[in-house]
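Q: I have a structure open and would like to learn how to read its features one by one. Can we go through it together?

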Amino acid sequence: MTEIIKTLLFRLKKTTYFWILLAIALLLPVFGALLIDLSLKMGEALNEPIEQLMNQMLAQYGGLSGLMSGFTSISSNPMILSIIFASVFLSAEFKSGTVRNAIIAGKSRSQLYLSYYLVALIGGFGIFVVYFLSAFVSMGLVFRFENATGNTVTELLYCFLLGLLAIVFVQTLVCAFLFNTRSRVLTIVIPLIICILGPGIIATIVEIVSVKDIIANGYIDVYSLQYVPFYNTTLLAATKFSTANVLMIIAYYVVFSSAIFCASYFPFHKADLK
């Protein structure tokens, strides 16, 4: 299996679009930070104290860690880039007949599945780390690392960990569709639809259900919503990164990723690839 992984990583290193995706992961947060900086300077030009504007914006997002918590969602930009990378790279292996030839040559399906899965994770982790660090540095420079405390460091570590688990989930989803449909279109489109639209649909349902609480209490109890999968990632800042919410998000990502992995791994052993 080690030889398969080394071969795949060598091919990945030679793949142009992977480096393009890494470049996008590096530059996209910088572009977003520049837009925020521009808006702050426009406000300053209207005689609004820039410090006040920064504090207002940070309060709106829940601080720097609140901004970074957005990358823990499966609909965030690094997840989308990771899905594109894995679906295009891995589906090319099926299209070229590499997987079928490897099976004919005596490689076990377990070795192939795990090898491709691990390479998908490695590439996804690489994209996420580049995006996360770029966002942290660029946003931090714009906001001058205002109100950064020891808690901020802990919260940022939570964001990083949860982001990696989100990568595991989306790459597991990609591999599930790839190895059981062997269709490039389905492998790209369906995971993107699930990850982009899924959290939004869940959020809409939550808001509709929560109307009763708003009418009765005038507000929504965010702590009662931390049990809603994929929606609870949006509550990290609102719940002040409560241990219960963080653990719940970890549990959901682990359980769903494991379930999807098992549901796709075993059927692949019986699939007719020859």
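Q: Let's start with threonine 72. Where is threonine 72 found?
A: This is a predicted model, so keep that in mind throughout. Threonine 72 sits in the loop between α4 (63-68) and α5 (77-95).

Q: Is threonine 72 buried or exposed?
A: The cut-off for buried is under 20% relative accessible area. Threonine 72 has 0% relative accessibility, so it counts as buried.

Q: What does the side chain of threonine 72 reach, and which residues does threonine 72 touch beyond its sequence neighbours?
A: For the polar side, look at the backbone oxygen of serine 69: the threonine 72 side chain reaches it at 2.7 Å. Leaving out residues up to four places away in sequence, threonine 72 touches Cys159, Leu162, Gly163, Ala166, Thr233, Leu236 and Tyr253.

Q: On to the rings. How is a pair of aromatic rings described?
A: You take two things, the distance of the centres and the angle of the planes. Searching the whole structure turns up 19 aromatic pairs. Take phenylalanine 85 and phenylalanine 89: the ring centres are 6.0 Å apart and the planes are at 20 degrees, so this pair is stacked.

Q: Where do phenylalanine 85 and phenylalanine 89 lie with respect to each other in helix α5?
A: They are four residues apart in that helix, which means about one helical turn separates them. Both phenylalanine 85 and phenylalanine 89 are buried.

Q: And what about phenylalanine 128 and phenylalanine 160?
A: Here the centres are 5.8 Å apart and the planes are at 40 degrees, so the pair is tilted. Phenylalanine 128 belongs to helix α7 (residues 109-142) and phenylalanine 160 to helix α8 (residues 150-181), so the pair ties together parts that are 32 residues apart in sequence. Check the accessibility as well: phenylalanine 128 is buried, with a relative accessible area of 1%, whereas phenylalanine 160 is partly exposed at 26%.

Q: Which residues form one aromatic cluster?
A: Tyr113, Tyr116, Tyr117, Phe179, Phe261, Tyr265 and Phe266 do.

Q: Now the outside. Which residues form a nonpolar patch on the surface?
A: Select Val185, Val189, Ile193, Ile196, Leu197, Ile201, Ile205 and Val209, and you have the patch, with about 720 Å² of accessible area together. Isoleucine 205, for one, is in helix α9 (residues 184-209). With a relative accessible area of 48%, isoleucine 205 is partly exposed.

Q: What should I know before looking at phi values?
A: Most residues other than glycine have a negative phi. Against that, phenylalanine 230 has a positive phi, near 70 degrees, and phenylalanine 241 has a positive one near 55 degrees.

Q: Where are phenylalanine 230 and phenylalanine 241 found?
A: Phenylalanine 230 is in the loop between α10 (211-217) and α11 (243-270), and phenylalanine 241 is also in the loop between α10 and α11. Phenylalanine 230 counts as buried, at 17% relative accessibility, and phenylalanine 241 counts as buried at 7%.

Q: Let's zoom out. How many helices and strands are there in the chain?
A: You'll find 11 helices and zero strands. Of the 274 residues, 45% count as buried. The accessible surface comes to about 13600 Å², and 68% of that belongs to carbon and sulfur atoms.

Q: How much of the contacts with a separation of 6 or more comes from residues 24 or more positions apart?
A: Those residues account for 78% of such contacts in the chain.

Methods. Residues numbered from 1 in each chain as written. Predicted model: local features only at pLDDT ≥ 70, side-chain atom pairs only at ≥ 80, totals over all residues. Heavy atoms only, no water. Helix = DSSP H or I, 4+ residues; strand = E, 2+ residues; numbered from the N terminus. Buried < 20%, exposed > 50% of the residue type's maximum accessible area, 1.4 Å probe, protein only. Polar contact = N/O pair within 3.5 Å; in protein donor to acceptor, adjacent residues only side chain to side chain. Contact = heavy atoms within 4.5 Å. Phe/Tyr/Trp six-rings, centres within 6.5 Å; stacked < 30°, edge-to-face > 60°. Patch = residues over 30% accessible without salt bridge, like charges linked within 9 Å, V, L, I, M, F, W, Y side chains within 5 Å. Areas by Shrake-Rupley, 256 points an atom, 1.4 Å probe, with all protein chains shown as cover. Salt bridge = Lys/Arg side-chain N within 4 Å of Asp/Glu carboxyl O.
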